[in-house]
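Reader: Hey, got a minute to walk me through this model? I'd like to start with the metals and then wander a bit.

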Amino acid sequence: MTCDTSNPPRTLARAIRATLLEPHPRTKVMATRKLVREWRQGGLAPVFDVAMPDTPGRPAQPELLPPRDMPKRRKAGSERGRIALWHSLAHIEFVAIDLALDMAGRFGGEMTREFVDDFLSVAADEALHFALIERHLATMGSHYGALPAHGGLWDAASETRHDVAARLAVVPMVLEARGLDVTPDTRDRVKTLGDARGAIILQRILDDEIRHVRYGATHFDAEAKRRQAAPAILWKTLVSRHFHGAVKPPFNDSARSAAGLSREFYAALV
Ligand SMILES: [Fe+2]
Ligand SMILES: [Fe+2]
């Protein structure tokens, strides 16, 4: 490789791959924000010339455990219970950074420019969510990595790595949509326990996640049409095949409908 200044800009795929492989959480957060900024400023060539890694970089801590080995939730009111809650949220947001980067880097070459813009903006949001939660954990004397974390969150990505429609169906439209269902309760609970700052963070996350689900639903719809498939039928087929958990109520119908997810999709799966 030469170092002369006439080098073309780095490709987007190489920048995404390097960011995915970054193991250190704060470095990954900064690299994600820098990447998205560079992309928006035209500093990265829209070229998809390298493959995405099967597994992103992960720090040595937290220890990743199979879901069945995760310690039981402690009482929500206790300080340890509070830390456990925010630690699990930090882990979800940390993996969400990689999920969004992988969506853009793995499937960007076969999708529209808008798809790439949308999922890179999701990656920037997830990096912000992680940073907000990390800072909140620090006010409790804790940090990301202090507790074990759920080791199965990347499974959905591996399971859907060959098909953009399956990825969209499962990640934004099932997993992130699930966040819309549970976050209002968590927000209200932390507020009742006197954590006003935590409630503000969760509201911010909820507002952003509605947009993430909407990006998923919009691009899924377009992809279904390209395949001349009825979106709701294709979605049910892909979710049954690739998602091994349950799609279960209670649903936050108003947030889901704000995200463009109609009951026609998820009600029939219950
Ligand atoms: Fe998030
Ligand atoms: Fe999200």
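Author: Sure, we can take the metal sites, then some helices, and then a few odd spots in the backbone. Keep in mind that this is a predicted model.

Reader: Good. Which residues are the protein donors of the iron ion (ligand 1)?
Author: They are Glu93 (OE), Glu126 (OE), His129 (ND1) and Glu209 (OE), lying 2.0 to 2.3 Å from the metal. Along the chain their spacing reads E-x32-E-x2-H-x79-E.

Reader: And why is the arrangement around the iron ion (ligand 1) irregular?
Author: The 4 donor atoms subtend angles of 88 to 161 degrees, which makes the arrangement irregular. To count as tetrahedral, all angles would have to lie between 85 and 135 degrees.

Reader: OK, now the other one. What coordinates the iron ion (ligand 2)?
Author: Glu126 (OE), Glu176 (OE), Glu209 (OE), Glu209 (OE) and His212 (ND1) do, at 1.9 to 2.6 Å. Glu209 is listed twice there, each time through OE. The donor residues are spaced E-x49-E-x32-E-x2-H in sequence.

Reader: How far apart are the iron ion (ligand 1) and the iron ion (ligand 2), and which residue bridges them?
Author: They lie 3.7 Å apart, and Glu126 is the bridge. Glu126 sits in helix α4 (residues 113-139) and Glu209 in helix α7, 83 residues apart, so this pair links distant parts of the chain.

Reader: Is Glu126 buried or exposed?
Author: Buried: its relative accessible area is 1%. Glu209 is buried as well, with a relative accessible area of 10%, and the cut-off for that is under 20%.

Reader: Where does His212 sit relative to Glu209?
Author: Both are in helix α7 (residues 196-226), 3 residues apart, which is about one turn of the helix. His212 is buried too.

Reader: What about Asp207, buried, exposed or in between?
Author: Asp207 is also in helix α7, but it is partly exposed, with a relative accessible area of 42%. Its C-alpha atom is separated by 30 Å from that of Pro71, and the two residues are 136 residues apart along the chain.

Reader: Switching topic: where is Asp102, and what is it in contact with?
Author: Asp102 lies in helix α3 (residues 79-107). It counts as buried, at 0% relative accessibility. Setting aside neighbours within four places in sequence, Asp102 is in contact with Leu20, Met52, Pro53, Phe107, Trp154 and Arg167.

Reader: Now the greasy part. How many residues are in the largest nonpolar core?
Author: It has 81 residues, and those with the most contacts inside it are Ile16, Trp86, Phe115, Leu120, Phe220 and Trp235. Take Ile16: beyond its neighbours within four places in sequence, it is in contact with Leu35, Met52, Leu101, Ala104, Gly105 and Leu120.

Reader: Trp235 is in α8, right? Which residues of α8 are buried?
Author: Yes, Trp235 is one of them; the full set is Pro231, Ala232, Leu234, Trp235, Leu238, Val239 and His242. Seen down the axis of α8, the buried residues fall within an arc of 160 degrees, so they line one face of the helix.

Reader: So what is on the face of α8 turned away from its buried side?
Author: That face carries the exposed residues Ile233, Ser240 and Arg241. On the buried side, the cover includes α5 (155-159), α6 (164-192), α7 and α10 (263-266).

Reader: How does the span of helix α8 compare with what it should be?
Author: It agrees: the 12 residues (231-242) should span 16 Å at 1.5 Å a residue, and the end C-alpha atoms are 16 Å apart.

Reader: Last thing, backbone quirks. Where is there a cis peptide bond?
Author: One joins Gln61 and Pro62, with omega about 5 degrees. Pro62 is in the loop between α2 (25-40) and β1 (64-65). A cis bond also joins Pro249 and Pro250, again with omega about 5 degrees, and Pro250 lies in the loop between α8 and α9 (253-258).

Reader: And what is the phi of Gln228?
Author: Positive, about 55 degrees, although Gln228 is not a glycine. Gln228 is found in the loop between α7 and α8, and at 76% relative accessibility it counts as exposed.

Notes:
Residues are numbered from 1 along each chain as its sequence is written. Chains are lettered from A and ligands numbered from 1 in the order in which they are written. This is a predicted model: local features need pLDDT of at least 70, side-chain atom pairs count only at pLDDT 80 or more; totals for chains, interfaces and linings use all residues. Side-chain values use heavy atoms; hydrogens and water are left out. Helices (H or I, at least four residues) and strands (E, at least two) are DSSP runs, numbered from the N terminus. Buried means under 20% relative accessible area, exposed over 50%, partly exposed in between (1.4 Å probe, protein chains only). Contact means heavy atoms within 4.5 Å. Donors are N, O and S atoms within 2.8 Å of the metal (3.2 Å for Na, K and Ca); water is not among the atoms, so sites may look incomplete. Four donors count as tetrahedral if all angles lie between 85 and 135 degrees; four count as square planar and six as octahedral if opposite donors are over 155 degrees apart and all others between 65 and 115; anything else is irregular. The expected span of a helix is 1.5 Å times one less than its number of residues. The arc is that of the directions from the helix axis to the C-beta atoms. A nonpolar core is a set of buried Ala, Val, Leu, Ile, Met, Phe, Trp, Tyr and Cys residues joined through side-chain atoms within 4.5 Å.
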